[in-house]
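Look at the cysteines, the strands and the main pocket of this protein. Then read the report alongside the model.

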Amino acid sequence: MRRSNENGRQWFTTCEPYSQTVRCRTAIWSTQVDSFRGAYLQSTGWNFNNMTYLPHMKRSQWAGNPLGHTGQWTSTDGRRWRTECDTAVTGGDGCRSYIWASYITSQLDARGNRSYDWTSGWVFNNIVRFRKG
């Protein structure tokens, strides 16, 4: 378990064994907006940011897992996923996965009034780092 303060943001990370590697879950102290009975409600607390799979496994050991190679798929629960590997965003020896999700966006008008709206798009979910060699 690790808490840190980076660039004025509070982070909380916990790690646990996962298969042949270690998986870390990172949360960030932030304000999140949810919809309840037609109203938008803000709440501040620890919110999921991402999962990171540490570099304990070689790329070849991830061959059967869609988080370990470039592609798109639909999981058994119907969620759409996209993974990209070895790009300018991921860097070498790594992959990032995104999930298609609906989420609430926030806008301020010229008078400073805040409004909310639903949108859908790719949302960052996790990083896989490969062991070199």
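Cys85 and Cys95 form a disulfide, and their sulfur atoms lie 2.0 Å apart. The model is a predicted one. A disulfide is a covalent bond between the sulfur atoms of two cysteines. The torsion about the S-S bond of Cys85 and Cys95 is about 100 degrees, so this disulfide is right-handed. The bond links distant parts of the chain. Cys85 sits in strand S6 (residues 80-85), and Cys95 sits in strand S7 (residues 94-108). The two cysteines are 10 residues apart.

Are these two cysteines buried or exposed? Cys85 has a relative accessible area of 11%, so Cys85 is buried. Buried means under 20%. Cys95 is buried too, at 1%.

The protein has two disulfides by count. The other pair is Cys15 and Cys24, again with sulfur atoms 2.0 Å apart. The torsion about the S-S bond of Cys15 and Cys24 is about 105 degrees, so that disulfide is right-handed. Here the two ends have different labels: Cys15 is partly exposed at 45% relative accessibility, whereas Cys24 is buried at 6%. Number the bonded cysteines in sequence order, and the pairing reads 1-2, 3-4.

**Strand pairs**

Now turn to the strands. The table lists the pairs, with one pair of facing residues for each.

| Strands | Direction | Bridges | Facing residues |
|---|---|---|---|
| S3 and S4 | antiparallel | 14 bridges | Trp29 and Trp46 |
| S4 and S8 | parallel | three bridges | Thr52 and Ile127 |
| S5 and S6 | antiparallel | four bridges | Gln72 and Arg82 |
| S6 and S7 | antiparallel | five bridges | Thr83 and Ser97 |

Strand S3 covers residues 21-36, and strand S4 covers residues 39-53. Together S3 and S4 make a hairpin with two residues between the strands. In this hairpin, Arg37 takes a positive phi near 50 degrees. S4 also pairs with strand S8 (residues 114-129).

A second hairpin joins S5 and S6, with five residues between the strands. Strand S5 spans residues 71-74. Which residue of this hairpin takes a positive phi? Gly78 does, with a phi near 90 degrees.

S6 pairs with S5, and S6 also pairs with S7. The strands S6 and S7 hold the two cysteines met at the start, Cys85 and Cys95. So far as direction goes, S6 and S7 run antiparallel.

**The largest pocket**

How much space lies in the largest pocket? The volume is about 550 Å³. The pocket is lined by 19 residues. Gln32, Asn47, Phe48, Tyr103 and Val123 are the closest to its centre.

Which elements give two or more residues to the lining? They are S3, S4, S7 and S8. S3 gives the most, with six residues. S3 is also the strand that pairs with S4 over 14 bridges.

Sort the lining by class, and 10 residues are nonpolar, seven are polar and two are charged.

Note on methods. Residues are numbered from 1 along each chain as its sequence is written. This is a predicted model: local features need pLDDT of at least 70, side-chain atom pairs count only at pLDDT 80 or more; totals for chains, interfaces and linings use all residues. Side-chain values use heavy atoms; hydrogens and water are left out. A disulfide is a pair of cysteine sulfur atoms within 2.5 Å. Buried means under 20% relative accessible area, exposed over 50%, partly exposed in between (1.4 Å probe, protein chains only). Two strands pair if DSSP finds at least two bridges between them. On a 1 Å grid over the protein atoms alone, a cavity is a set of points where a 1.4 Å probe fits but cannot get out, and a pocket is an open set with protein on both sides within 12 Å along at least five of seven lines; lining residues have an atom within 4 Å of a point. Grid points are joined across faces, edges and corners, and a volume is the space filled by probe spheres set on the points. Ala, Val, Leu, Ile, Met, Phe, Trp, Tyr, Cys and Pro count as nonpolar, Asp, Glu, Lys and Arg as charged, and the others, Gly among them, as polar.
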